[in-house]
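Colleague: Please walk me through this one, starting with the word you keep using for side chains.

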Amino acid sequence: MTSIPTLKPVSEIKIIEKLYPRSSVDTKTIQQYAENLEVLPPIEVNQNNILIDGAHRLSAYKQCKKEEIPCIVTETANDDELYILTLQRNAVHGLQLSMKDKSAVAIRLCGSIEDDVIVKALSISDRTFRSWTKNKREQLEKDRDSKVIDLWLQCYSENEIDKLMEFGHGTSGNIVEKFGKIAKNLQQPADFTPQLYNIWNFARNNNETKHFGNVPTEITENLLYAYTEPFDVVFDPFGGGGATIDACKKWNRRYFVSDIQPTEISIQKGMRTHDITIGLPEGLPKPKLVFLDPPYWKQAKGQYTDKPTDLSNMELSQFYDQFDKLFKEIYKKIAVNGYVAFIIQNTQWLNDKKTEPHSHKIWNIAEDNGFIFETIIHAPYSTEQYNAQQVNYAKEHKIFLELNREIVVLRR
C-alpha cells in the first residue's frame, strides 16, 4: 500500500460490480460527502485502478464534477484478495454493509477461501455464516463428490485423487464407497434394450463427438451389458470420439480410454494420449473387457494421423504384427475370464477390390496368443456407404460389396 495519496483522474477509477460487495448506494451519504470533500479520506484502489474502498466518496467527487480524486494504491494478487480487502475496509469505517449484502458476500466466497476468513471479514458468527451458506455448501459438496467419481471412473487411484483434490488421506475413498453402495443397486439404463440376435443393425453413429470411424454407442453398450458388471474396468486404446467413455459413464463402468491423437473434446471427456504400438499404458488396472476398434487398415489411411505408428498407415504385415504384440500384452494383463472384443470391416475397395479378411486373421492371432473364441456378431453398415459409381462397378464385375463389420469376442 502506498502511504502517500496520489491524485488520479476520476474517470479512470473502475467499480467492478462482481468485486464490490454493495448492492446499493445511499444518496444521503453521497450528498453529505459532497458537502465535505476537503475532510474526506482518500479512496483506495488497486494497481489497475479498481476500487477497493470509497464508493460513496467517489460518487461525491463525481457529484461535484471534480476531475481528480486522492487515492491510496494497494496491490492485489487476484480477485478474491481484492474482494476480501473491500470487506475489511467496510467493516472498519464508512457506511456498513447491510445484512443482505453480507449474506450475498458469504454465499459468493463460500468454497473459494477459508470459512474463518469470511466470518472475520464480515464480522458475523460462524452460525450465521453456516445458515446463509447451507445450500451453497451442499452444492459444493455434490460438485466435489461428482468430480471424485469422475476421476475414479477414469481409473485414477484413490491416492491419486486425494492428491489432485488436495484431500486428506482416505477422503476420496469414503466418497467412492458411498457412491458404490448407491450405484451397485441401480438397474440398467431405462432407455436400453439388449440385443437377442447376432446381427446388430446400428447403422448410424449417434455419438455427439464427430470423429472418423466412430461406432454407434449402442454397440459399446451391448458389450458392456453382456460382458461386464458395475465398476469393472474397460480398456479401449483406440478411443477415437469417446463412444466408450460415454457408454461407461452411463453404465457406471470404470474406463481407461486412450488414443494416439485424441480430439480436444475427447480429452475433456477423460481420454488419455497414448500410442498403443509402444506397449500398454502405465497405470492401467486389470481390465475385465478390452474393446478394440482399430483403424481399418487402408480404409482409414491418413484419416487419423500421418504418424508411421498409426495402424492405418502401416503395411499389411506390420498391421497384423501389431495385433500379435498387443494380444500378447493384453493376455498377461487382463483379468481371468476377462473378454476382448474387436470390431473391424474387411478391406475391399481400397485393396484393388479384393477382400482382405481382417476379422478372421485377427481372430486367429488372438487364439494363437491363448484367447478362446466366444462369439461373432455382425454389424452391417447402411448401403449408403457406396456411391453409384461403385455400385455399377460391382454389377459389371460381379463382385459382392462389403457392407458388414464383424465384432469378434474372445475370452481369457
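Modeller: A residue is called buried under 20% relative accessible area, exposed over 50%, and partly exposed in between (1.4 Å probe, protein chains only). The model is predicted, so local features need pLDDT of at least 70 and side-chain atom pairs count only at pLDDT 80 or more, while totals for chains, interfaces and linings use all residues. Residues are numbered from 1 along each chain as its sequence is written, and side-chain values use heavy atoms, with hydrogens and water left out.

Colleague: Is C155 buried or exposed?

Modeller: C155 counts as buried, because its relative accessibility is 6%.

Colleague: How many disulfides does the structure hold?

Modeller: The structure holds zero disulfides, where a disulfide is a pair of cysteine sulfur atoms within 2.5 Å.

Colleague: Why is there no bond from C155 to the closest cysteine sulfur?

Modeller: That sulfur belongs to C248 and is 8.7 Å from the sulfur of C155, so the two are too far apart for a bond.

Colleague: And what about C71?

Modeller: For C71 the closest cysteine sulfur is in C64, and there is no bond because the distance is 16 Å, which is too far. C71 counts as buried because its relative accessibility is 0%.

Colleague: What does I43 stand opposite?

Modeller: I43 stands opposite C71, which is in strand 4. Helices (H or I, at least four residues) and strands (E, at least two) are DSSP runs, numbered from the N terminus. Strand 2 (residues 43-45) runs parallel to strand 4 (residues 68-73), and three bridges pair them. Two strands pair if DSSP finds at least two bridges between them.

Colleague: Which strands form that sheet, and in what order?

Modeller: Four strands form an open sheet, with the order 1-4-2-3 and mixed pairing. Strand 1 (6-9) and strand 3 (51-53) are the edge strands, each pairing on one side only. On average, neighbouring strands of this sheet are turned by 55 degrees against each other, direction ignored.

Colleague: Which strands does helix 2 lie across?

Modeller: Helix 2 (residues 55-63) lies across strand 2, strand 3 and strand 4, and runs at about 160 degrees to strand 4. Axes are lines fitted to C-alpha atoms, for helices over the stretch in contact, and angles run from 0 to 180 degrees between N-to-C directions. Contact means heavy atoms within 4.5 Å.

Colleague: Where is the place of A60?

Modeller: A60 is in helix 2. With a relative accessible area of 0%, A60 is buried. Leaving out residues up to four places away in sequence, A60 touches I30, Y33, A34 and L37. The C-alpha atom of A60 is separated by 18 Å from that of P5, and these two residues are 55 residues apart along the chain.

Colleague: New topic. What is the order of the sheet of seven strands?

Modeller: That open sheet has the order 7-6-5-8-9-11-10, again with mixed pairing. Its edge strands are strand 7 (272-273) and strand 10 (372-380), and each of these pairs on one side only.

Colleague: How many bridges pair strand 6 and strand 7?

Modeller: Two bridges, in the parallel sense, with strand 6 covering residues 254-259. The bridge partner of D259 in strand 7 is T273. Helix 10 (residues 217-227) packs on the sheet and touches strand 5 (233-236), strand 8 (289-292), strand 9 (339-345), strand 10 and strand 11 (404-411). The direction of helix 10 makes about 20 degrees with that of strand 11.

Colleague: Which residues of strand 5 are buried?

Modeller: V233 and F235 are buried on one side, and V234 and D236 are buried on the other, so both faces of strand 5 are covered. Strand 5 and strand 6 run parallel and are joined by four bridges. D236 has V257 of strand 6 as its bridge partner.

Colleague: Where is F231 found?

Modeller: F231 is in the loop between helix 10 and strand 5. F231 is not a glycine, yet has a positive phi of about 75 degrees. At 13% relative accessible area, F231 is buried. N337, also not a glycine, has a positive phi of about 65 degrees and is found in the loop between helix 13 and strand 9. N337 is partly exposed, at 43% relative accessible area.

Colleague: What does helix 13 lie across?

Modeller: Helix 13 (residues 316-333) lies across strand 8 and strand 9, at about 165 degrees to strand 9. Helix 13 also packs with helix 14 (residues 358-368) at an angle of about 35 degrees, and their axes are 9 Å apart. Among the residues making this contact are F319 and F323 of helix 13 and I362 and I365 of helix 14.
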